[in-house]
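Biologist: Could you take a close look at one helix for me and walk me through what surrounds it?

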Amino acid sequence: MKTMLITGATSGIGLAAAHQLAAAGHHLLLVGRDHEKLAAATTSVRAVATADIDALPCDLSHLDEVRALADTVRARYDRLDVLANNAGGFFYHRTETPDGLEATFAVNHLAGFLLTELLLDLLRDSAPARILFTSSTMHHGASLHLDDPQLRHGYTGAGAYGRAKLANILYVRDLARRLSGTRVSANAFHPGVVATGIWDSAPWFARPALAVGKRLLMSTPEQGGRTLTYLAADPDVAAVSGCYFQRNRVTAPTPAAQDDAAATRLHRVCAELVGLPE
Ligand SMILES: NC(=O)c1ccc[n+]([C@@H]2O[C@H](COP(=O)([O-])OP(=O)(O)OC[C@H]3O[C@@H](n4cnc5c(N)ncnc54)[C@H](OP(=O)(O)O)[C@@H]3O)[C@@H](O)[C@H]2O)c1
């Protein structure tokens, strides 16, 4: 039985993975921003669980709440075996968080970056441990825009989303290097194209096609959740780190996602944006 924290556990891929991991007997810390959705998700996961299922409220678009979440985890639990940074969102129009950060990057990357950095000591002390990021094939063709980290110029929803998912992959590469020899692994994955609520923010003209795609072409949340479950729990991947998985296979991400110099620069920019020392 492992202790696993899952963000974005109130719906879609995170909720499906929570059901799978709870059914396998793991102790889960479910993170969600909406209290009612979090309570409903926790009740449904508890129904299949044999270990404890705890609910931890946190709006990841507020850096203070991310810091408070890390404090709560460190104070309440003496170990953390898996940290699954799964929460994400698609913002068709440029939006800023209450901290003044571009929201796509803040929710899809910076929150997970900050949470991971603040929980690294606990994860190291719990080794063997695993860090996961739910990334996406949308990192293809994306660029980091480190000269304009707030994407003030030329914002597109797809560009911002791809950039955040590219940052996930570069960050786990950087983490794997930093964590070498600690038995803490860090990996990112694409869960497939999955029929979840993330498509609900699409513009009105895309919705009819998406509704058909969701029914006929996309994977179910249960199928999408399986990659998270595999990377969180399967002994086959215990020693794999710094990789990008597509479904359950290590896959080469784009050259931009293998640029170690960019990963180092990204770390510096992210640390500055969230107020951590480099
Ligand atoms: N669906 C796909 O085809 C696909 C493909 C590649 C990657 N992904 C990635 O998979 C991950 C899960 O997404 P999904 O497809 O399962 O979509 P989803 O059903 O919309 O789930 C997203 C989850 O993230 C949570 N979340 C969003 N903003 C948050 C915030 N500010 N604070 C706390 N939680 C927040 C949502 O909470 P609420 O319930 O409160 O909204 C929800 O639990 C995301 O990182 C997404 O980018 C999805």
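Modeller: Here is a tour of helix 1 and its neighbours. Bear in mind that this is a predicted model, where local features need pLDDT of at least 70, side-chain atom pairs count only at pLDDT 80 or more, and totals for chains, interfaces and linings use all residues. Residues are numbered from 1 along each chain as its sequence is written.

Let's start with the ligand. Around the ligand sit 28 residues (C-beta atom, placed from the backbone, within 6 Å of it), and the closest are Gly-8, Gly-12, Leu-60, Gly-88 and Thr-196. Helix 1 (12-23) gives the largest share of that shell, three residues; helices here are DSSP runs of H or I with at least four residues, and strands are E runs of at least two, numbered from the N terminus.

Now for the packing partner. Helix 1 and helix 7 (residues 221-233) pack at about 60 degrees with axes 7 Å apart; axes are lines fitted to C-alpha atoms, for helices over the stretch in contact, and angles run from 0 to 180 degrees between N-to-C directions. That angle makes helix 1 oblique to helix 7 (under 35 degrees is roughly parallel, over 145 roughly antiparallel, 65 to 115 roughly perpendicular, the rest oblique). The contact (C-beta atoms, placed from the backbone, within 7 Å) includes Gly-12, Ile-13 and Leu-15 of helix 1 and Pro-221, Gly-224 and Leu-228 of helix 7.

Helix 7, in turn, lies across strand 1 (3-7), strand 4 (82-85), strand 5, strand 6 and strand 7 (244-246), running at about 160 degrees to strand 5.

Technical notes
Contact = placed C-beta atoms within 7 Å.
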